[in-house]
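Please find below my comments on the structure under review. They take up the cysteines, one helix and the internal space in turn.

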Amino acid sequence: MAFMRFFIKSYGCQMNLYDSRRMADALACAGYETSADLENADVVILNTCSIRDRVDEKVFSDLGRLRVIMEKSSKDILIVVAGCMAQLRSKDILRRAPQVNAILGPQNIHKIAVVIDDLIKNRAMDIIVTMSMDTGGKFQSLFANACGRESVSEYLTIQEGCNNCCTYCIVPFTRGREFSRSVSDILEEARNLVASGVREIMLLGQNVNSYSGGNFDKQKFSLAHLLFELANINGLKRLRYITSHPKYVDQDIARAHREIEILAPSLHLPAQSGSNSILKEMNRGYTQDEYLRCIDLLRSYRPDIAFSSDFIVGFPGETDWDFEQTLKLAKKVRYAQAYSFKFSPRPGTAAAQMDNQIPEKIKSERLLILQKLLNDQQTEFNKSFEGSQLNVLFTKEGKHKKQIVGRSEYSQSVSVYANTTFVGDMARVRITEVASHSLVGMLE
Ligand code: SF4
């Protein structure tokens with residue numbers, strides 16, 4: 001096989017980043033080289049997201065850019081579109097971007113090396129489209145080639161797909177039914193990562209706290225069990241997990257936050273809305289009270305635990321009163337950080353067909369109000385650490401000379417001036433300066 005360079009562009013969530021890393025591992029194992037940029041690559045893989053319309057259009061504009069590069073350079077670049085948008089909109093992609101050579105759904109990324117080999121051997125080959133929902137097969141053949149991994153913090157997918165059917169969400173259509181990887185595979189991958197220098201592992205799942213790792217040593221394995229197992233890995237300094245669903249918050253997970261020292265006391269728990277009628281229309285499966293009971297349970301076991309969340313404003317039928325309930329919920333929880341978005345109707349979802357779609361102007365007004373509240377809460381949370389100490393795991397060098405950056409146990413970005421040999425280490429930092437989204441400190 002001729003010397004070929006590949007470039008992967010990842011859009012969207014951490015799970016796509018994880019998948020992109022797995023594809024890079026598979027291609028490296030197959031003898032391909034990485035290209036630092038899109039322009040100098042022979043193979044370009046766009047690993048797409050389809051959570052909102054705006055993201056889809058970004059992909060189409062990148063495909064347009066690639067066409068121009070190929071025309072200008074008369075270079076024949078192999079283009080692969082992978083990920084959620086590939087699964088959801090393959091026909092649109094083929095119609096609007098005939099320069100694409102292959103389309104791979106998220107459950108087929110393990111075939112990336114074979115697909116590119118075939119395309120190289122037979123340039124005249126028709127477009128390859130593989131969209132089967134074979135999550136098990138994906139993880140059986142994908143394995144984290146941790147060798148040469150330089151990063152201090154790594155993602156590790158433990159569960160994929162979703163059995164919930166929130167009416168606004170495309171994940172069940174793009175990633176299929178829930179699939180939990182076996183405990184032994186996860187432990188082996190985690191040990192390899194730590195052996196290669198990784199000090200923080202972020203466990204990933206669309207509903208990570210509904211993880212049910214099959215049977216291990218004849219014992220039903222939940223996320224809490226898995227966390228206690230992972231905490232025994234020597235050299236691992238911090239554990240995190242994302243994204244949780246309020247329906248699966250239980251005492252075991254709360255106890256894990258009290259008893260596992262390396263488990264970060266910060267939890268992402270999307271509420272989406274504070275209104276019970278909107279939560280019902282979203283098919284989220286909980287009420288505002290039930291959501292708040294999860295918060296109270298976790299705080300009763302770990303009083304300093306910090307929460308982040310996701311919110312959607314302008315869901316079909318959302319009245320001013322409904323929106324008020326979302327503001328009320330946020331005020332009751334006081335989030336350390338939260339993301340908020342305008343409702344974006346996704347093709348094929350029930351919510352896209354609903355009546356009472358909210359005008360864009362009202363969505364924008366509500367988003368501004370909510371973002372102001374959430375930003376104020378984040379600033380207030382960060383301010384509460386001025387003068388106190390935090391445990392920071394340093395993950396990289398900062399923008400300035402002798403500056404290093406890391407994350408606190410509450411997921412805050414913290415920078416200090418210190419020797420870069422501290423990267424990969426956890427250290428006590430006294431906070432001296434607070435900005436709305438980051439902290440500055442001194443090593444203690
Ligand atoms: S639980 Fe999350 S991933 Fe599943 S359908 Fe709802 S929003 Fe989508």
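1. The structure holds zero disulfides, and this statement concerns a predicted model. For cysteine 165, the closest cysteine sulfur belongs to cysteine 162 and lies 6.9 Å away, which is too far for a bond, because a disulfide requires the two sulfur atoms to be within 2.5 Å.

2. The surroundings of these cysteines should be stated individually. Cysteine 162 has 11% relative accessibility and therefore counts as buried, the cut-off being under 20%. Cysteine 165, with a relative accessible area of 48%, is partly exposed.

3. Helix α8 comprises 13 residues, 183-195. From the first C-alpha to the last, α8 reaches 18 Å, close to the 18 Å expected at 1.5 Å a residue.

4. Which residues of α8 are buried? They are Val183, Ile186, Leu187, Glu189, Ala190, Leu193 and Val194. These residues lie on the same side of α8, because they cover an arc of only 165 degrees around the axis.

5. The backbone just after α8 also merits a remark. Glycine 197, at that position, takes a positive phi of about 110 degrees.

6. On internal space, the structure holds one cavity of 30 Å³ or more. The volume of the largest cavity is about 40 Å³.

7. The lining of the largest cavity consists of Asn209, Tyr241, Ser244, Val249, Ile253, Leu267 and Leu298. By class, five of the lining residues are nonpolar and two are polar, with no charged residue in the lining.

Definitions and conventions
Residues are numbered from 1 along each chain as its sequence is written. This is a predicted model: local features need pLDDT of at least 70, side-chain atom pairs count only at pLDDT 80 or more; totals for chains, interfaces and linings use all residues. Side-chain values use heavy atoms; hydrogens and water are left out. Buried means under 20% relative accessible area, exposed over 50%, partly exposed in between (1.4 Å probe, protein chains only). Helices (H or I, at least four residues) and strands (E, at least two) are DSSP runs, numbered from the N terminus. The expected span of a helix is 1.5 Å times one less than its number of residues. The arc is that of the directions from the helix axis to the C-beta atoms. On a 1 Å grid over the protein atoms alone, a cavity is a set of points where a 1.4 Å probe fits but cannot get out, and a pocket is an open set with protein on both sides within 12 Å along at least five of seven lines; lining residues have an atom within 4 Å of a point. Grid points are joined across faces, edges and corners, and a volume is the space filled by probe spheres set on the points. Ala, Val, Leu, Ile, Met, Phe, Trp, Tyr, Cys and Pro count as nonpolar, Asp, Glu, Lys and Arg as charged, and the others, Gly among them, as polar.
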